[in-house]
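Work through the exercises below with the predicted model in view. Try each task before reading its solution.

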Amino acid sequence: MTRVVDQPVLVLNKHWQPVAVLSVGVAVTTVIRGMGWVVDPVSYQLLEFEDWCEQERPDARLIRTPRGELPAPEVVVLKEFADQPRRQVSFSRRNLLRRDQATCQYCGRRGVEATIDHVMPRSRGGPTSWENCVIACSRCNHRKADRTPREAGMPLRREPARPRWKPTFAVSRDHYREAWEPFLAKGDVKVELK
Ligand SMILES: [Zn+2]
């Protein structure tokens, strides 16, 4: 299990757009240095770290410190940073597994021995790219062989495409926080700011 200080915190820019994921340790340091606030995930209040620690946080992950346990923030907002970085998800086996949720794109089985299938086979000039690669179980990959899905009579469950970048793309399921949801949802978050 990863230590709480190394677990992820969602970071928003000053317009409340999600821009990054930082470790709890770095996020707390950022707030203590006055560069950001902790966002209360229920009331959306902006809090200094001490104020965040003073309230009951029954669901919080706890940071062990020499002075006792402190609740880890879920979301922080930066005071000055306004940019919305435009990034791309780089192509890798790991990211492909994330995009396809480790599910065979032909038979739909999950958590099977995952292989990378080239939709248009490599032997026929198919590139190694987001648009031409999918996760397939070894059985489907073997069965499809050097054929297209149409030739093999094996339709894809969905058209492969480059995944949209979001700051939490690389966060593992175990560390994903429900409190992030409203901030990652499409469209603007409607919040009343004082
Ligand atoms: Zn399969």
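**Exercise 1.** State how far apart the C-alpha centres of domain 1 and domain 2 lie.

*Solution.* Start with the bounds. The domain assignment gives domain 1 as 4–86 + 165–184. Domain 2 is assigned to 93–152. The C-alpha centres of the two domains lie 37 Å apart.

**Exercise 2.** Decide whether the protein is a compact globule or more spread out.

*Solution.* Begin with the secondary structure: 6 helices and 9 strands. Next, take the radius of gyration, which is 21 Å. The globule rule gives 16 Å for 194 residues. The value is well over the rule, so the protein is more spread out than a compact globule. Then look at the principal axes: the C-alpha trace spans about 65 × 35 × 25 Å. Finally, check burial. Buried residues make up 25% of the 194 residues.

**Exercise 3.** Describe the largest nonpolar core and trace the contacts of Leu10.

*Solution.* Count first: this core has 21 residues. Val9, Leu10, Val11, Val75 and Val76 touch the most other members. Now find the elements that each supply at least two core residues. They include strand S1 (8–12), helix H1 (24–32) and strand S7 (75–78). Then take Leu10, leaving aside neighbours within four places in sequence. Its contacts include Pro18, Val21, Val75, Trp180 and Phe183.

**Exercise 4.** Name some members of the second, separate core.

*Solution.* This core has 9 residues. Among them are Cys133, Ile135, Cys137 and Cys140.

How values were computed. Residues are numbered from 1 along each chain as its sequence is written. This is a predicted model: local features need pLDDT of at least 70, side-chain atom pairs count only at pLDDT 80 or more; totals for chains, interfaces and linings use all residues. Helices (H or I, at least four residues) and strands (E, at least two) are DSSP runs, numbered from the N terminus. The radius of gyration is taken over C-alpha atoms; the globule rule is 2.2 Å times the number of residues to the power 0.38. A residue is buried if 20 or more other C-beta atoms lie within 10 Å of its own, exposed if 12 or fewer, and partly exposed in between; C-beta atoms are placed from the backbone. A nonpolar core is a set of buried Ala, Val, Leu, Ile, Met, Phe, Trp, Tyr and Cys residues joined through C-beta atoms within 7 Å. Two residues are in contact if their C-beta atoms, placed from the backbone, lie within 7 Å. Domain bounds come from an automatic or database domain assignment.
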